Amino acid sequence: MERNHWATTMFQKIPVNLCHLGPAEHDYFNFLTPFAFKHIMNQLLLVSKVGNFQETTSFPTSYTLKTGKGLLTVSTKKCLCDFASSMKLPCRHIFCSQEGT
């Protein structure tokens, strides 16, 4: 019973201060749960800290990025970093590669 009450409350709560969101963030807010939206917003804030991408020759929308764990291949829709693999949400690398296209 308490679980159902918590779930209902979570979906009924709507934050009042949404004016700071851009159109893309507002779409994520409307589509995702509050938990997932919080993680997406953190990833969007980290986009500026992503290093330089190098476009791969095999695929035009695929990029290589040097990270602390080695080379990472990123496309505009898929990344194999720990965040994207575990959360199944777009990561900062994907957002950065989308800005580059």
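User: Which elements each supply at least two residues of the lining of the second largest pocket?

Analyst: When you read a pocket, start with the elements that build its wall. In this predicted model, β3 (70-75), α4 (82-87) and α5 (92-100) each give at least two residues to the lining. β3 holds the largest share, with 3 residues.

User: And which residues line the second largest pocket?

Analyst: Go along the sequence and sort them by element. Gly70, Leu71 and Leu72 are in the lining, and β3 covers 70-75. Asp82 and Phe83 line the pocket too, with α4 spanning 82-87. Then come Arg92 and His93, where α5 runs 92-100. The list also has Thr67, Lys69, Leu80 and Cys81.

User: How many of the lining residues are nonpolar, polar and charged?

Analyst: Class counts give you a quick feel for the wall's chemistry. Here it's 5 nonpolar, 3 polar and 3 charged. Leu71 and Phe83 are among the lining residues, as are Lys69 and Arg92.

User: How much space lies in that pocket?

Analyst: About 220 Å³ for the second largest pocket.

User: Now zoom out. What pattern does the chain follow along the sequence?

Analyst: Just read the elements off in order: α-α-α-β-β-β-α-α. That's 5 helices and 3 strands.

User: What share of the residues is buried?

Analyst: With under 20% relative accessible area as the cut-off, buried residues are 31% of the 101 in the chain. For the surface, the chain exposes about 7,600 Å², and carbon and sulfur atoms supply 59% of that.

User: What about contacts between residues 24 or more positions apart?

Analyst: Among contacts with a separation of 6 or more, such pairs account for 33%.

Methods: Residues numbered from 1 in each chain as written. Predicted model: local features only at pLDDT ≥ 70, side-chain atom pairs only at ≥ 80, totals over all residues. Heavy atoms only, no water. Helix = DSSP H or I, 4+ residues; strand = E, 2+ residues; numbered from the N terminus. Buried < 20%, exposed > 50% of the residue type's maximum accessible area, 1.4 Å probe, protein only. Contact = heavy atoms within 4.5 Å. Areas by Shrake-Rupley, 256 points an atom, 1.4 Å probe, with all protein chains shown as cover. 1 Å grid on protein atoms, 1.4 Å probe; cavity = no way out; pocket = protein on both sides within 12 Å on 5 of 7 lines; lining within 4 Å. Points joined across faces, edges and corners; volume = space filled by probe spheres on them. Nonpolar A, V, L, I, M, F, W, Y, C, P; charged D, E, K, R; others polar.
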